[in-house]
Amino acid sequence: MIDPLNNSYYAATAPAWRPQAVAGDLTCDVAVIGGGFTGLSAALACAERGFSVILIECEHIGFGASGRNGGQLIPGLRWSASELEAEFGRDRADALFDLCWRDNRVAARIAKHRIDCDLKSGHLEAAWTPEDFDAMRREADYLAARFGYQSDVVAKADMANHIASPLYHGGIYDPQGGHFHPLNYALGLAKAAEAAGVRIWEGQRAGQITTTPEGLGVKTNGAQIAARYVINATDSWIGDVEPDLGRYTVPIMNYNIATAPLANADDLLPSDAAVADSRFVLNYFRLSADKRLIFGGGERYSQTPPRDIAAFVQPFLAQVFPQVADAPIDYVWGGAVAVTMNRLPHIGRRGNVFFAHGFSGHGALVTTLAGELIAEAMAGTAERFDVLANLPSRPFPGGKWLRQPLATLGLLYYAMKDRLG
Ligand SMILES: Cc1cc2nc3c(=O)[nH]c(=O)nc-3n(C[C@H](O)[C@H](O)[C@H](O)COP(=O)(O)OP(=O)(O)OC[C@H]3O[C@@H](n4cnc5c(N)ncnc54)[C@H](O)[C@@H]3O)c2cc1C
């Protein structure tokens with residue numbers, strides 16, 4: 001069946017791959033639920049540590065946010081490093097910085113498994129207002145002084161080196177960031193996981209996790225899996241598997257378009273950086289390997305997609321790049337971003353069930369890390385896992401039916417401030 005939200009450039013350009021059939025004994029050390037970056041990374045890292053692993057995915061590998069995102073690799077978390085230090089103190093800020101800024105696990109996986117996913121370096125954060133630029137400059141100075149982390153402060157007059165748009169008041173170019181073809185990365189992880197012995201089973205929808213005398217059970221539409229450990233890596237759908245965890249995120253729909261290949265693509269983004277701007281409802285964009293402009297903009301707080309996704313996103317593109325406002329649009333797609341109350345990921349362990357979700361639009365890098373840290377903790381060393389697991393989190397108010405409307409009201413308030421500011 002064609003998923004109307006996944007007529008994506010990624011799906012159209014990914015190599016065909018299907019996992020080998022899973023048969024026989026369905027007992028394993030670790031059952032992983034979800035075939036996105038988090039689940040795949042965890043499964044691979046667990047197999048590397050000698051655990052037997054079965055990964056189930058209700059659709060196909062990369063079906064969720066991992067196969068649909070903007071492909072922007074942005075070091076860090078949704079909070080700036082200085083905000084983390086102000087809130088959590090020097091030691092915890094150090095530990096978070098080491099994990100989330102310094103240690104690029106995605107680059108390491110791509111290199112180790114030779115994953116062909118159009119990896120490019122360079123990320124530009126573009127300031128929507130002069131005040132945003134001042135704040136960015138202060139943060140860049142702080143990162144350099146405190147951690148020796150180097151990025152380029154780009155004055156408004158020099159923005160043309162990166163982006164052919166007069167809209168922005170300066171920016172920060174981070175050579176440690178970058179962009180990639182996310183679905184090809186997910187498929188590359190899946191192939192590496194399978195080669196490491198992970199049994200990957202698509203089309204298997206997990207119900208709730210049960211406790212059995214032998215350990216844990218995961219019942220799917222076709223099978224019953226017995227495991228010592230379970231990793232719930234279902235992100236936006238986590239509440240279907242563990243209902244109480246569903247209270248910690250709301251799904252925000254976000255949409256992308258890809259133009260036809262553009263003859264003047266390199267003029268639009270001369271340094272080939274991925275760009276995200278500083279609006280609350282941000283625009284984010286980059287070039288694909290075949291010189292299309294991939295553009296994300298606007299958010300919808302309703303789960304129903306706009307009737308015409310291209311018409312919904314295109315005005316944002318036209319505002320940033322009026323010179324290609326008429327470019328033909330070849331692909332449109334969208335997906336759910338699982339957002340937490342405080343925009344920090346919610347990661348943890350309850351008995352032998354591990355979970356990681358709510359990366360709040362900032363998951364392309366941190367998910368691979370989270371998966372590896374889960375495997376590390378399972379193998380007995382939880383120190384680094386705890387750095388992320390100790391991030392604070394609280395459920396959205398409002399219970400099952402009111403949670404989304406209440407969160408929406410809050411988000412609409414900020415989106416309105418964006419437009420007025
Ligand atoms: C449109 C969009 C743009 C984004 N852009 C960026 C970006 O540019 N940069 C960035 O850093 N982040 C971005 N993000 C966020 C990022 O993609 C996510 O944080 C990340 O991919 C989450 O990975 P995951 O593996 O945790 O979840 P997912 O990739 O969503 O994987 C969860 C998987 O679980 C499966 N599943 C669900 N329920 C069950 C069940 N019951 N049984 C079996 N399987 C189940 C789903 O089918 C899915 O494949 C974006 C997200 C979206 C939607």
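Is Asp266 buried, partly exposed or exposed? The exercises below concern a predicted model.

**Exercise 1. Place Asp266 in the structure, classify its accessibility and list its contacts.**

Step 1. Locate the residue: Asp266 sits in helix H9, which covers residues 265-268.

Step 2. Classify it. The relative accessibility of Asp266 is 42%, so the residue counts as partly exposed. The class of partly exposed lies between the limits of 20% and 50%.

Step 3. Find the contacts. When residues up to four places away in sequence are not counted, Asp266 touches Leu287 and Lys291. With Lys291 there is also a polar contact between the side chains, at 2.9 Å.

Step 4. Compare sequence and space. Arg247 is 19 residues from Asp266 along the sequence, and their C-alpha atoms are 44 Å apart.

**Exercise 2. Describe how helices H3 and H4 pack against each other.**

Step 1. Choose the quantities. Two packed helices are described by the angle between their axes and by the distance between those axes.

Step 2. Give the values. The axes of H3 (residues 81-88) and H4 (residues 90-102) come within 7 Å and cross at roughly 145°. The crossing of H3 past H4 is right-handed.

Step 3. Name the residues. H3 contributes Ala81, Leu84, Glu85 and Phe88, while H4 contributes Arg90, Arg92, Ala93, Leu96 and Trp101.

Step 4. Sort them by type: six are nonpolar, three are charged and none is polar.

**Exercise 3. Which class of accessibility does each of Asp118 and Arg343 have, and what is the sign of phi in each?**

Step 1. Recall the background. Most residues other than glycine have a negative phi.

Step 2. Read the angles. Asp118 has a positive phi of about 55°, and Arg343 has a positive phi of about 70°. Neither Asp118 nor Arg343 is a glycine.

Step 3. Locate both. Asp118 lies in the loop between helix H5 (105-113) and strand E5 (120-126). Arg343 lies in the loop between strand E16 (329-340) and strand E17 (346-350).

Step 4. Classify both. Asp118 has 28% relative accessibility and is therefore partly exposed. Arg343 has a relative accessible area of 18%, so this residue is buried; the limit for buried is under 20%.

**Exercise 4. Work out the surroundings of Val106 and Glu376.**

Step 1. Start with Val106, a residue of helix H5. Its relative accessibility is 1%, so Val106 counts as buried.

Step 2. List its contacts. Beyond four places in sequence, Val106 touches Leu73, Phe180, Tyr185, Ala364, Leu365 and Thr368. Leu189 is 83 residues from Val106 along the chain, with 9.9 Å between the C-alpha atoms.

Step 3. Turn to Glu376 in helix H11 (residues 366-378). Glu376 has a relative accessible area of 13% and is therefore buried.

Step 4. List its contacts. Leaving aside neighbours within four places in sequence, Glu376 is in contact with Arg49, Thr381 and Arg384.

**Exercise 5. Which residues come nearest to the ligand, and which polar atoms lie beside its oxygen atoms?**

Step 1. Take the set of 37 residues around the ligand; Thr38, Glu57, Ser66, Ala206 and Ala364 come nearest.

Step 2. Check the side chains. An N or O atom in the side chain of Thr38 is 2.8 Å from an oxygen atom of the ligand. For Ser66, the distance from a polar side-chain atom to a ligand oxygen atom is 2.5 Å.

Step 3. Check the backbone. A polar backbone atom of Gly363 is 3.1 Å from an oxygen atom of the ligand.

How values were computed: Residues are numbered from 1 along each chain as its sequence is written. This is a predicted model: local features need pLDDT of at least 70, side-chain atom pairs count only at pLDDT 80 or more; totals for chains, interfaces and linings use all residues. Side-chain values use heavy atoms; hydrogens and water are left out. Axes are lines fitted to C-alpha atoms, for helices over the stretch in contact, and angles run from 0 to 180 degrees between N-to-C directions. Helices (H or I, at least four residues) and strands (E, at least two) are DSSP runs, numbered from the N terminus. A crossing is left-handed if the near helix is turned anticlockwise from the far one by less than a right angle, and right-handed if clockwise. Contact means heavy atoms within 4.5 Å. Ala, Val, Leu, Ile, Met, Phe, Trp, Tyr, Cys and Pro count as nonpolar, Asp, Glu, Lys and Arg as charged, and the others, Gly among them, as polar. Buried means under 20% relative accessible area, exposed over 50%, partly exposed in between (1.4 Å probe, protein chains only). A residue is near a molecule or strand if one of its heavy atoms lies within 4 Å of it. A polar contact is a pair of N or O atoms within 3.5 Å; within protein, one must be able to donate a hydrogen and the other to accept it, and residues adjacent in sequence count only if both atoms are side-chain atoms.
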